[in-house]
2 protein chains.
Amino acid sequence: MLNLHSATSPRWLAQIEENLDLVLIDHAHCEKKAAGTALNLLFAYVENEPLCRAMTDIVHEELEHFHMVLDLLRRRGVRFRRLPPSKYGRRLAELVRKLEPQRAIDRLLVAGLIEARSCERFGLLRDRLSDRELADFYGGLFESEARHHATYVQLAKSFGDERAVKSRLEELAAAEAEILAASDDPPRMHS
Amino acid sequence: MLNLHSATSPRWLAQIEENLDLVLIDHAHCEKKAAGTALNLLFAYVENEPLCRAMTDIVHEELEHFHMVLDLLRRRGVRFRRLPPSKYGRRLAELVRKLEPQRAIDRLLVAGLIEARSCERFGLLRDRLSDRELADFYGGLFESEARHHATYVQLAKSFGDERAVKSRLEELAAAEAEILAASDDPPRMHS
């Protein structure tokens, strides 16, 4: 369902458990960036009305999640601050083809894969975190990430032949798995 | 209340009445850009929590308005499309000082002045348009623009001395009136 080519390693989970505060701050930034990505897509393809509707809904949800993470940080006494992101997003963005409509397809598929990876990891955090408040929190976010993934893949298909889009999704998913496998980033939601 | 240094000329209203479809399309783009401005401010000052909360609310409202204008266009059989904007926004952006915290103050005050001008013009459209459906539509948007103006000015004051911010608001409001007076743009919401 999530089209991912790898399962997250136990090593990632161990790193996260040791750096929960840091990962929560990174998570807040991820939600904010996800809102920015959706709004940028709305700007880029403003004449595509189904896309505009879907991006508007995603902007709303991501900003809501951003504030949920900020609230959680405040309850835990963790100061929200700037944090260098992992290289994951930038490396995925480098794979986006330059010419339309391939560019639209790739931007949507990359956004969809990031949602898929978040979804997979939120599921892992829900099932495995010993901090049960956080486990429940991630369980509550799981469904929306899965839904966003499906929305992005569906929209990508409106820009090209369904079979070609599916095949490109497989290519990008393979690249996504390689980017994570090769990551030497500090602990992040997408390290 | 709106801190504007000029009233919109009757010439503008006459131009608008003759180009309603065009102005509606431009208005949709303005709402979209207003959402983008608020999200950019959230990104730029993400550690300022009252600002983040306020920008989130504004992003939501502007995107809601964007879709309201798109719905109105569809009901009227007007195709939404790209349109070169007036030079108003760019000219105002050129006035923003480069160094913080002056930059934050100016970005917020410029955003606030754009909301104030929209508010003033929506009031004019509400009171004077012979197309009563549109007049009612603009009447319904009037209050939120006034509120956004107040929010931006209030937030600007959190970045500097209240008197200095007030004085800078007067300078920028004077410049805003000059920009509109000198405008040679085609009919737009901010021409």
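Biologist: Is Glu133(B) buried or exposed, or does it fall in between, and what is its relative accessible area?

Modeller: In this predicted model, a residue counts as buried under 20% relative accessible area and as exposed over 50%. Glu133(B) falls in between, so it is described as partly exposed, with a relative accessible area of 37%.

Biologist: Which residue forms a salt bridge with Glu133(B), and where in chain B do the two partners lie?

Modeller: The pair links distant parts of the chain, since Glu133(B) belongs to helix α6 (residues 132-157) of chain B, while its partner sits in the loop between α3 and α4 (88-93), 57 residues apart. That partner is itself partly exposed, at 28% relative accessibility. The closest N and O atoms of the two side chains are 2.7 Å apart, and the residue that forms this salt bridge with Glu133(B) is Arg76(B).

Biologist: What separates Glu49(B) and Arg53(B) along their helix, given that their side chains meet in a salt bridge?

Modeller: The salt bridge between Glu49(B) and Arg53(B) has an N to O distance of 3.3 Å. Glu49(B) is partly exposed, with a relative accessible area of 26%, and Arg53(B) is partly exposed as well, at 30%. Because the two residues are four residues apart in helix α3 of chain B, what separates them is about one helical turn.

Biologist: How many salt bridges are counted between chain B and chain A?

Modeller: One salt bridge with a partner in each chain is formed by Glu47(A) and Arg82(B), whose closest N and O atoms are 3.3 Å apart. A search of the whole structure finds 42 salt bridges over all chains, and the count between chain B and chain A is six.

Biologist: Which helix of chain B gives the largest share of the side that touches chain A?

Modeller: The contact as a whole takes 28 residues from chain B and 28 residues from chain A. Across this interface there are 12 residue pairs in polar contact, both residues having pLDDT 80 or more. On the side of chain B, α2 (20-44) and α3 (49-75) each supply at least two residues. The largest share, 12 residues, comes from α3(B).

Biologist: What area is buried between chain B and chain A?

Modeller: The size of an interface is often given as the accessible area lost when the parts come together. Here carbon and sulfur atoms give 62% of the area buried between the two chains, and that area is about 2400 Å².

Biologist: Which side chain of opposite charge is nearest to Glu115(A)?

Modeller: Glu115(A) lies in helix α5 (residues 102-128) of chain A. Beyond its neighbours within four places in sequence, Glu115(A) is in contact with several residues, including Glu62(A), Glu145(A) and His148(A). Glu115(A) is buried yet has no salt bridge, and the nearest side chain of opposite charge, 8.8 Å away, is that of Arg147(A).

Biologist: Is Leu124(A) buried or exposed?

Modeller: Leu124(A) also lies in helix α5 of chain A, and, not counting residues up to four places away in sequence, Leu124(A) touches Thr8(A), Trp12(A), Leu13(A) and Leu129(A). A residue counts as buried under 20% relative accessible area. Since Leu124(A) has a relative accessible area of 17%, the answer is buried.

Biologist: With which residue does Asp127(A) form a salt bridge?

Modeller: The closest N and O atoms of the pair are 3.0 Å apart. The partner is partly exposed, with a relative accessible area of 29%. The residue that forms this salt bridge with Asp127(A) is Arg126(A).

Note on methods: Residues are numbered from 1 along each chain as its sequence is written. Chains are lettered from A and ligands numbered from 1 in the order in which they are written. This is a predicted model: local features need pLDDT of at least 70, side-chain atom pairs count only at pLDDT 80 or more; totals for chains, interfaces and linings use all residues. Side-chain values use heavy atoms; hydrogens and water are left out. Buried means under 20% relative accessible area, exposed over 50%, partly exposed in between (1.4 Å probe, protein chains only). Lys and Arg count as positive and Asp and Glu as negative; His and the chain ends are not counted. A salt bridge is a side-chain nitrogen of Lys or Arg within 4 Å of a carboxyl oxygen of Asp or Glu. Contact means heavy atoms within 4.5 Å. Buried area is the accessible area (1.4 Å probe) that two parts lose on being put together, summed over both. A polar contact is a pair of N or O atoms within 3.5 Å; within protein, one must be able to donate a hydrogen and the other to accept it, and residues adjacent in sequence count only if both atoms are side-chain atoms.
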